[in-house]
Amino acid sequence: MIKFDYVVKNVLGIHARPAALLAQFCVNSKSVVTISKDDKIANGSDVLKILSLKAMKGERLTITVEGGDEETTAAGLKELLHKEFEEKKVEVLKIAFFGTKDYDRTFFSELAKDKGEGTYNCDIKYFTSRLTNESAYLAKGYDAVCIFVNDECGRDVVEQLYDDGVRLILLRCAGFNNVDLKATKEYGITVLRVPAYSPYAVAEHAMAILQQANRRLHKAHNKVKDNNFALSGLLGLDLHNKVAGIVGTGKIGVCMARICKGYGMTVLGWDAFPNMDLQEEGLLTYVSKDELFKKSDLISLHAPLIMGENGTYHLVNKDTISMMKDTAMIVNTARGGLIDNDALIDALKQGKFHAVALDVYESEDSNVYTDHSDDVITNDITARLLMFPQVVLTSHQAFFTREALQSIAVVTMENARNYNEGNDYGEFEVRG
């Protein structure tokens, strides 16, 4: 255990921005960090708890680091705490926030509270409606819009945003296929995203729903609720000694590969830009797409959705499905367009696939994050998929953990601040 004291030097105290950066640092550390002031104690990974300390200039904090990488974590914390946060005098950035849910406000509202030099210096107006060509007018008079995966930002919307004075699109997600990047480039609108918020959250959800479909946990739960303890219809497959195929070996794909390895699986990988270090460490073996589809018992999709020739749109289609084992299991937590729904449904009708787990699927936009519990199911694809007992659907929620929401808010606000102050965007900019 390492313990050290720090006297707050920032004129505004430990306000939203330093608290956010501290929390993000601690989330990515293997050690457990606690920050205490007097009799109050905060988990270093929780930005809201850090803010609740209300540490002002001149007050003393005690930081405790305990765990696997104590020295590295303690050194990094000291560097971060003693860093002079840049202060530039800029105007408040006005942001129109679309598709707002209660959980969005949890972190964004706290981070946006402070105004002035050294803060995020943003003013957020929350709108519950998604961004579409019908709602884009709401952004008039704002400098930026903040949108999510189910918002629509095609050319017509980009043109309207530009006419209304918007010069920045903040994506609070990794994907950007819902934005017309040719149009944003043409109109000089900057697009910034959150390339990775919690790869662990997505990979863990992928394995959770895959196992739900494999072991028929959704059916088991309903049977027990009906006082039915028979095992008929619940037969699953061992994952141990099976072959897992990881399509897309970025951060999320790597997390999924490690989970599969932990189950005792042999892991194959495919990526347009393979990371050979993963093969050298023995985590996976790179193969062609066709070989992966033919040999894998479990196929997990983590590739970006890329349209056009040699893209990934409908990567799983009639031809590639025909290569797969009849008992194959497939899970998609990436983008719905990776799978051809019609081909998938036709295969399911023919008895193909032991388990299918989808957190995303084409035509999901009208359902995502919306309560239709009192409505008739009008989405044909949703209704057809729900007919099959081996299919599990969830509502684009793989990212949905507290750590991920915090990370999304912090990175999005850092992006807003960098734009407002004219700083470098690095990997966060999406170019047309």
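Reader: What does Lys-295 count as in terms of burial, and at what relative accessibility?

Author: Lys-295 counts as partly exposed, at 43% relative accessibility. Buried means under 20% relative accessible area, exposed means over 50%, and partly exposed lies in between, with a 1.4 Å probe and protein chains only. Please keep in mind that this is a predicted model, in which local features need pLDDT of at least 70 and side-chain atom pairs count only at pLDDT 80 or more, while totals for chains, interfaces and linings use all residues. Residues are numbered from 1 along each chain as its sequence is written, and side-chain values use heavy atoms, with hydrogens and water left out.

Reader: Ok, and which side chain does Lys-295 meet in a salt bridge?

Author: Lys-295 meets Glu-291, with 2.6 Å from N to O; a salt bridge here is a side-chain nitrogen of Lys or Arg within 4 Å of a carboxyl oxygen of Asp or Glu. The two residues are four apart in helix H11 (residues 289-295), so about one helical turn separates them. Glu-291 is partly exposed as well, with a relative accessible area of 29%.

Reader: Why would side chains like that pair?

Author: Side chains of opposite charge can pair when their charged atoms come close.

Reader: How many salt bridges does the structure hold?

Author: It holds 16 salt bridges. One of them joins Arg-402 and Asp-46, whose closest N and O atoms are 3.3 Å apart. Arg-402 lies in helix H15 (residues 402-421) and Asp-46 in the loop between strand E3 (40-43) and helix H2 (47-52), so this pair ties together parts that are 356 residues apart in sequence. Asp-46 counts as buried at 12% relative accessibility, whereas Arg-402 is partly exposed at 43%.

Reader: What about Arg-417, which residue does that one bridge to?

Author: Arg-417 forms a salt bridge with Glu-421, with 3.5 Å between the closest N and O atoms. These two are four residues apart in helix H15, so they too are separated by about one helical turn, and both of them are buried. Elsewhere, salt bridges that share partners link Arg-155, Glu-159 and Glu-186 into one network.

Reader: Changing topic, how many helices and strands are there?

Author: The protein has 15 helices and 16 strands, which are DSSP runs numbered from the N terminus (helices are H or I with at least four residues, strands are E with at least two).

Reader: Can we look at one helix? Which residues of H8 are buried?

Author: In helix H8 (residues 217-225) the buried residues are His-218, Ala-220 and Lys-223, and they pack against helix H7 (199-214) and strand E16 (391-393). Just after H8, Asn-227 takes a positive phi of about 65°.

Reader: And Arg-60, where does that lie?

Author: Arg-60 lies in strand E4 (residues 60-67). Leaving aside neighbours within four places in sequence, Arg-60 is in contact with Asp-5, Tyr-6, Val-7, Ser-36 and Lys-37, where contact means heavy atoms within 4.5 Å.

Reader: Last one, what radius of gyration does the protein have?

Author: The protein has 23 Å, which agrees with the value near 22 Å that a compact globule of 432 residues would have. The radius is taken over C-alpha atoms, and the globule rule is 2.2 Å times the number of residues to the power 0.38. Along its principal axes the C-alpha trace spans about 70 × 55 × 50 Å, and buried residues make up 53% of the 432 residues.
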